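Work through the following exercises with the sequence and the coordinates side by side. Each task is followed by a solution in steps.

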Amino acid sequence: MLDRNNPKPLYQQLRDVLVDAIDSGRWGPNDKIPSENELSVTYGLSRMTVRSVITDLVREGLLYRVQGKGTFVAEKIVTVSPSYIGIREQLEKMGYEVNTKIIECQLENCKDAVAKYLQIKSGTTVFKIKRVRYIKEDPISIHISYVNPEYSSQLTPELLEKEQLCVLLNQNYGLQRKKVSETLESVTASDEEATLLSVEKGHPLLLLRDVLYSDHNEPYEYTKVVFRGDKIKIRLQYE
């Protein structure tokens, strides 16, 4: 039951109850949750308040509605950590079937933003790799990486679909990251991102930017990763 003497609003208390049921596993993926009427009676709240809480959780991707059938628990959001080990390796260790599709793999003249991160002149030739990562058939992220052309001869589409870029750079060129500079921000899907990730334009996404530095403190890779906000949660850990 909810505590009406608690200064926390009843709306927030109900939300906490529902989220806890999901996080604890009491309600598993695709389980049907009690109806709005049932929750209203159980917790002594108006149906409008209950509906508002459920609508917010649907918007956040924790629940989904099926017309005429009710509201269900969405598939679990995957939690990954940036920079420590590759995203693909983390997902595979969790038991997920991960696939990669190469969209671009080519030389191009870099723009100002890329030049700034790699500390080179604008217009310098760089090797660009653009790929979409899937869990089974479900697209979860777009990865766009830029590296010096001297490191590109062993970066073929075939190899990049099977192995992580960081592993290939280490195995073939001895590049090992000594330092990583990262930023994380919330963005919305562009037309292209929406198409590649099978979402609507404006869908919430997470944008992670990485700059990897060698033992000589020189940046050798700049990567942007756009994650589906309803599929991936980023965990930041500091020691």
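Throughout, a contact means heavy atoms within 4.5 Å. The model is predicted, and confidence is therefore taken up in the first exercise.

**Exercise 1. Establish how confident the prediction is, overall and by element.**

Begin with the whole protein chain, which averages a pLDDT of 87, with 93% of the residues scoring at least 70. Then turn to the elements, of which there are eight helices and ten strands. Among these elements, strand β3 (residues 78-80) has the lowest mean pLDDT, 65, whereas helix α8 (residues 191-197) has the highest, 95. Where pLDDT is low, the predicted coordinates should not be read in detail.

**Exercise 2. Describe the overall dimensions, burial and charge of the protein chain.**

The C-alpha trace spans about 65 × 35 × 30 Å along its principal axes. Of the 239 residues, 43% are buried, and the chain exposes about 13500 Å², of which carbon and sulfur atoms supply 47%. For the contacts between residues at least 6 apart in sequence, 54% join residues at least 24 apart. Finally, the 33 positive and 34 negative charges have mean positions that are 3 Å apart.

**Exercise 3. Locate the largest nonpolar core, and trace the contacts of Ile142 within the chain.**

In soluble globular proteins, nonpolar side chains tend to be buried together. In this chain the largest nonpolar core holds 21 residues, and those touching the most other members are Val114, Leu118, Ile142, Tyr146, Leu197, Tyr222 and Val226. At least two core residues come from each of α5 (112-118), β5 (125-135), β6 (138-147), α8, β8 (204-213) and β9 (219-228), and β8 gives the most, with four residues.

Next, take Ile142 and set aside residues up to four places away in sequence: the residues that Ile142 touches are then Lys130, Arg131, Val132, Glu193, Leu196, Leu197, Lys224, Val225 and Val226. A second, separate core has 18 residues, including Leu2, Leu14, Ile22 and Ile54.

**Exercise 4. Examine two residues other than glycine that have a positive phi, and decide how exposed each one is.**

Consider Gln119, whose phi is about 55° although the residue is not a glycine. Gln119 is found in the loop between α5 and β5, and, with a relative accessible area of 55%, Gln119 counts as exposed, the cut-off being over 50%.

Asn217, in the loop between β8 and β9, has a positive phi near 60°. The relative accessible area of Asn217 is 45%, so this residue is classed as partly exposed.

Terms used: Residues numbered from 1 in each chain as written. Predicted model: local features only at pLDDT ≥ 70, side-chain atom pairs only at ≥ 80, totals over all residues. Heavy atoms only, no water. Buried < 20%, exposed > 50% of the residue type's maximum accessible area, 1.4 Å probe, protein only. Areas by Shrake-Rupley, 256 points an atom, 1.4 Å probe, with all protein chains shown as cover. Lys, Arg positive; Asp, Glu negative; His and termini not counted. Charge placed at Lys NZ, Arg CZ, Asp CG, Glu CD. pLDDT = per-residue confidence, 0-100. Core = buried A, V, L, I, M, F, W, Y, C linked by side-chain atoms within 4.5 Å.
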